[in-house]
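Please find below a short note for the file. The points run from the whole chain to single residues.

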Amino acid sequence: MLKIINNIEDYACRFLLGLFVTLLFVQVVLRVTLGFGMAWVEELSRYAFVWFVFLGAAHAAHLGAHNRLRSHIDLLPRVVANSVLLFVDLIWVTFSLVLAWKSLELISLLLEFPYASPALGWSLAYVYFIFPIAFTLMAFRVLQVQYMKLVIGVEPGDVEKQEIDNIIEEGSRNKSEPADDGKRSEV
């Protein structure tokens, strides 16, 4: 359960990307074969894409994968570099929490004075809930990465390198486990 909660953005992004691609595929097929499209499909795919982008930004913060200009920071001593990155991340957390708060104010206005989406008829207040969710998650994930780095001593590192290391580790684990017939399994 903890793994699911820790990777909630990853699972949500996978679902939203699949939904987005499927809806656009259906829309293209309808336009090419039947010569018409459905407005609600376009609108739902647009909302899925927006939610995907903002949850993806929170997921990238979780992985420590946001682009940073670090060449000048890497020249500093380790303690100073970590202090500078902590300061910058605290500014980032503050900015994210302010955006989450302001988006809640916008949502409360949209709940008071409803505005419906044209094709689906959904209240935009519910569509805009992604902003406080994503920015709060992003603030939490930035703090989580800093905690892991400064307290536990785990560097988030390069995401692609971590994926390659995980594949290599799984491969070496599979080679070391004996096969059912008594022979070593080949990978």
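**Note on the predicted model**

1. The accessible surface of the protein chain comes to about 12,700 Å² (Shrake-Rupley method, 1.4 Å probe), and 68% of this surface belongs to carbon and sulfur atoms. The model is predicted: local features need pLDDT of at least 70, side-chain atom pairs count only at pLDDT 80 or more, and totals for chains, interfaces and linings use all residues. Residues are numbered from 1 along each chain as its sequence is written, and side-chain values use heavy atoms, without hydrogens and water.

2. The protein chain has seven helices and zero strands (DSSP runs; helices H or I of at least four residues, strands E of at least two). Of its 187 residues, 29% count as buried (under 20% relative accessible area; exposed is over 50%, partly exposed in between).

3. Helix α4, residues 78-112, has 35 residues and spans 51 Å from its first C-alpha to its last, close to the 51 Å expected (1.5 Å times one less than the number of residues). Its buried residues, including Leu85, Val93 and Ile107, pack against α5 (124-127) and α6 (130-152).

4. Val88 also lies in helix α4. Why is Val88 classed as partly exposed? The classification holds because its relative accessible area is 37%.

5. Gln144 is found in helix α6 and counts as buried because its relative accessibility is 19%. Leaving aside neighbours within four places in sequence, Gln144 is in contact (heavy atoms within 4.5 Å) with Asn6 and His62.

Technical notes. Buried < 20%, exposed > 50% of the residue type's maximum accessible area, 1.4 Å probe, protein only.
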